[in-house]
Amino acid sequence: QVRLTGGDVSTEGNVEICNNGKWNGVCGNAMNFGAAIVVCAQLGLPYTNAQSNSYRYSKYPIMPSYGYGLSCYGYESSIMGCSSYCCYSCDLSSRAGVTCRGNVAQPTPSVP
């Protein structure tokens with residue numbers, strides 16, 4: 001599971017991942033642009049122009065002082081298809097944030 005917290009609107013916020021019933025943040029320096037796209041798409045939010053906003057929502061330091069690293073290509077159907085690892089060391093002020101914008105429709109795959 002994934003969620004956004006701390007944003008001013010529902011399409012932005014800190015990225016948090018639930019693992020074994022416990023929510024942890026994603027470290028800002030350990031999340032790539034593709035992960036922002038996948039997070040937004042998984043949440044059913046606009047994603048074609050998603051942006052990773054590391055440290056933007058750090059005024060909401062509610063997670064422990066460790067977090068996940070998350071690396072995606074951008075085409076995965078959920079973060080479960082991405083490379084993730086626990087427990088990347090980062091402080092409370094360096095959580096990864098995203099802003100979800102663009103379109104929600106799946107792009108049409110190209111045929112070789």
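**Exercise 1.** Is Arg3 buried, partly exposed or exposed?

*Solution.* The model examined here is predicted, and every value below is computed from it.

Step 1. The classes must be known: a residue is buried under 20% relative accessible area, exposed over 50%, and partly exposed in between.

Step 2. The relative accessibility of Arg3 is 29%, so Arg3 counts as partly exposed.

Step 3. The partner of Arg3 may be treated in the same manner. Glu16 has a relative accessible area of 1%, and therefore Glu16 is buried.

**Exercise 2.** Describe the overall make-up of the protein chain before turning to its details.

*Solution.* Step 1. Count the elements: the protein chain contains 1 helix and 7 strands.

Step 2. Place them in order. Along the sequence the pattern reads β-β-β-α-β-β-β-β.

Step 3. Consider burial and surface. The protein chain has 112 residues, of which 42% count as buried. Its accessible surface is about 6000 Å², and carbon and sulfur atoms account for 51% of that surface.

Step 4. Consider how the contacts are spread along the sequence. Among contacts with a separation of 6 or more, 72% are between residues 24 or more positions apart.

**Exercise 3.** Which strands pair with strand 2, and in which sense?

*Solution.* Step 1. Begin with strand 1. Strand 1 pairs with strand 2 in the antiparallel sense over 5 bridges. These two strands form a hairpin, with 5 residues between them.

Step 2. Continue with strand 3. Strand 2 and strand 3 are likewise antiparallel, paired over 4 bridges. They form a hairpin with 2 residues between them, and Asn20 in the turn has a positive phi of about 55°.

Step 3. Add strand 7, residues 97-99. Strand 7 runs antiparallel to strand 2 and is joined to it by 3 bridges. Here Gly13 has Val98 in strand 7 as its bridge partner.

Step 4. Examine the cover of strand 2. Of the 8 residues of this strand, 7 are buried, and the strand is thus mostly covered.

**Exercise 4.** Analyse the surroundings of Glu16 and identify its side-chain partners.

*Solution.* Step 1. Locate the residue: Glu16 lies in strand 2, which spans residues 12-19.

Step 2. Find the residues paired with it. Arg3 stands opposite Glu16, and in strand 3 the bridge partner of Glu16 is Gly25.

Step 3. List polar contacts of the side chain. The side chain of Glu16 has a polar contact of 2.7 Å with the side chain of Arg3 and another of 2.8 Å with the side chain of Thr5.

Step 4. Test for a salt bridge. The general principle is that side chains of opposite charge can pair when their charged atoms come close. The cut-off is a distance within 4 Å between a side-chain nitrogen of Lys or Arg and a carboxyl oxygen of Asp or Glu. The closest N and O atoms of Glu16 and Arg3 are 2.7 Å apart, and the two residues form a salt bridge. This pair links distant parts of the chain, with Glu16 in strand 2 and Arg3 in strand 1, 13 residues apart.

Step 5. Place the result in context: the whole structure holds 1 salt bridge.

**Exercise 5.** Determine whether Leu4 is buried or exposed, and list its contacts.

*Solution.* Step 1. Leu4 belongs to strand 1.

Step 2. Its relative accessible area is 17%, so Leu4 is buried.

Step 3. Leaving aside neighbours within four places in sequence, Leu4 is in contact with several residues, including Val15, Val39, Leu43, Leu45 and Val98.

Step 4. A distance completes the picture. The C-alpha atoms of Leu4 and Glu16 are separated by 6.3 Å, although the two residues are 12 apart along the chain.

**Exercise 6.** Why is helix 1 described as largely enclosed by the rest of the structure?

*Solution.* Step 1. Helix 1 covers residues 33-42, and 7 of its 10 residues are buried, so the rest of the structure largely encloses it.

Step 2. The buried residues are Gly34, Ala35, Ala36, Ile37, Val38, Val39 and Cys40.

Step 3. Relate the helix to the nonpolar interior. The largest nonpolar core has 23 residues, and those with the most contacts inside it are Val15, Val26, Met31, Val39, Leu70 and Val98. At least two residues of this core come from each of strand 1, strand 2, strand 3, helix 1 and strand 5. Helix 1 gives the most, with 6 residues.

Step 4. Inspect the end of the helix. Just after helix 1, Gly44 adopts a positive phi of about 75°.

Definitions and conventions:
Residues numbered from 1 in each chain as written. Predicted model: local features only at pLDDT ≥ 70, side-chain atom pairs only at ≥ 80, totals over all residues. Heavy atoms only, no water. Polar contact = N/O pair within 3.5 Å; in protein donor to acceptor, adjacent residues only side chain to side chain. Buried < 20%, exposed > 50% of the residue type's maximum accessible area, 1.4 Å probe, protein only. Core = buried A, V, L, I, M, F, W, Y, C linked by side-chain atoms within 4.5 Å. Pairing = 2+ DSSP bridges. Contact = heavy atoms within 4.5 Å. Areas by Shrake-Rupley, 256 points an atom, 1.4 Å probe, with all protein chains shown as cover.
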